[in-house]
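Hi everyone, thanks for making time this morning. I'd like to walk you through one structure, so please have a look at it with me.

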Amino acid sequence: MRRVVIVEDHPLMQAALEATLEGADGFTVVGTATSGLQAEPLVSRTQPDLVLLDLQLPGLDGLSCLALLRERHPDATVVVLTGVEDDEMIERALSGGAAALVRKSIAPADLPVLLRQVMLGSVRFATPRIARAVVTQATRQSQLDEARAEACGETGLTARELEVLEAVARGLPNRAVAKELFLSDQTVKRHLRRVYQKLGVANRTEAARTAYRLGLHAATEGMRPA
C-alpha cells in the first residue's frame, strides 16, 4: 500500500485527487495540504511514499517546496501537478528532483496507472512537449555533472562550494543564495571566502568568469562574461 500526501490548494482538485486514489488499489491518502508552508511538516509527520505537489501554491511556491522536500525527505517520490506547459518551469522541476510531471487534465482512471509506473521507476510525462523538455534537461544535467566533477578535481572545491559558485554566477546576491540552498547568510559568506581563495579570485565577477571557464554552462547559461 503506497502512502500518499496531496499538496493542492484548490478544494475541488484536492477532493478529486483524494477520491481517485482512495478508490484505486494500492494507494492510501495519509494527508492533504493546501499551501507550500504546510507541506514539509505534513510529510515529516506522515512519512509518505509519494507526494503529489501542485506548482501554484500560496505561502511557498511549488518549486521551492519541491527543493525543500528533496533536501529533507529524499526517499519520498514527488510527482508534480501542472496545469500549464511552461518549458522553463518544467526543466526547473525536473532538475529539482521531480520524478514525473502530470497535467491536471489527466483522466482520473489514468492517474493511478501513471503513479504505479512512476513508483516502479518508469518515469512518464503527460505530453510530447514535456518529453522533449526531459531530454533537454537530461542532456544539460549530464554535461553539468561532468563539468562539476572536473571542476572539483581542478580547483579542490567541495560540492557545496560549487553550488554556491553556480548561484553566484547566475547573479544571485548572498541572501538569495542562502534561501535557495537553505543556508544562513553567514554560511554563504564563509563558503564564498573559501571559493575565492581556492579559485584565486577577488570578487563575484571574477568567480563568475571562472565558473564559465570551468564549463558550468547549465548553471551559468546567459551569464557569459565579456
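I'll talk about the nonpolar cores, then two helix pairs, and then the cysteines.

Before that, please keep in mind that what you see is a predicted model.

Let's begin with the cores. As general background, nonpolar side chains in soluble globular proteins tend to be buried together. Here, the largest nonpolar core holds 25 residues, and Leu165, Val177 and Leu216 have the most contacts inside it. Which elements give two or more residues to this core? They are α6, spanning 128-155, α7 at 159-169, α8, α9, and α10 at 204-213. With six residues, α7 gives the most.

Let me zoom in on Leu216. If we set aside its neighbours within four places in sequence, Leu216 is in contact with Leu144, Ala147, Arg148, Leu162, Leu165, Glu166 and Ala211. So that you have the other core in view too: a second, separate one has 24 residues, including Leu53, Leu66, Val78 and Val80.

Now to the helix pairs, starting with two elements we have just met. The axes of α8, residues 174-181, and α9, residues 185-199, come within 9 Å and cross at roughly 105 degrees. An angle between 65 and 115 degrees counts as roughly perpendicular, and α8 and α9 are therefore roughly perpendicular to each other. Who meets whom there? On the α8 side we have Asn174, Arg175, Val177 and Ala178, and they meet Asp185, Val188, Lys189 and Leu192 in α9. Sorted by class, this contact has four nonpolar, one polar and three charged residues. You may recognise Val177, which was also listed with the most contacts inside the largest core.

The other pair is α1, residues 11-22, with α5, residues 110-119. Their axes are 9 Å apart, and the helices pack at an angle of about 70 degrees. That makes α1 roughly perpendicular to α5 as well. In this pair, Leu17, Thr20 and Leu21 of α1 meet Leu111, Pro112 and Leu115 of α5. By class, the α1 contact with α5 has five nonpolar residues, one polar and no charged ones.

Last topic: cysteines. How many disulfides does the count come to? It comes to zero. As for their surroundings, is Cys65 buried or exposed? Cys65 counts as buried, because its relative accessibility is 1%. Cys152 has 29% relative accessibility, so it counts as partly exposed.

That's my tour; thanks for listening, and I'm happy to take questions.

Definitions and conventions. Residues are numbered from 1 along each chain as its sequence is written. This is a predicted model: local features need pLDDT of at least 70, side-chain atom pairs count only at pLDDT 80 or more; totals for chains, interfaces and linings use all residues. Side-chain values use heavy atoms; hydrogens and water are left out. Axes are lines fitted to C-alpha atoms, for helices over the stretch in contact, and angles run from 0 to 180 degrees between N-to-C directions. Helices (H or I, at least four residues) and strands (E, at least two) are DSSP runs, numbered from the N terminus. Angles under 35 degrees count as roughly parallel, over 145 as roughly antiparallel, 65 to 115 as roughly perpendicular and the rest as oblique. Contact means heavy atoms within 4.5 Å. Ala, Val, Leu, Ile, Met, Phe, Trp, Tyr, Cys and Pro count as nonpolar, Asp, Glu, Lys and Arg as charged, and the others, Gly among them, as polar. A nonpolar core is a set of buried Ala, Val, Leu, Ile, Met, Phe, Trp, Tyr and Cys residues joined through side-chain atoms within 4.5 Å. Buried means under 20% relative accessible area, exposed over 50%, partly exposed in between (1.4 Å probe, protein chains only). A disulfide is a pair of cysteine sulfur atoms within 2.5 Å.
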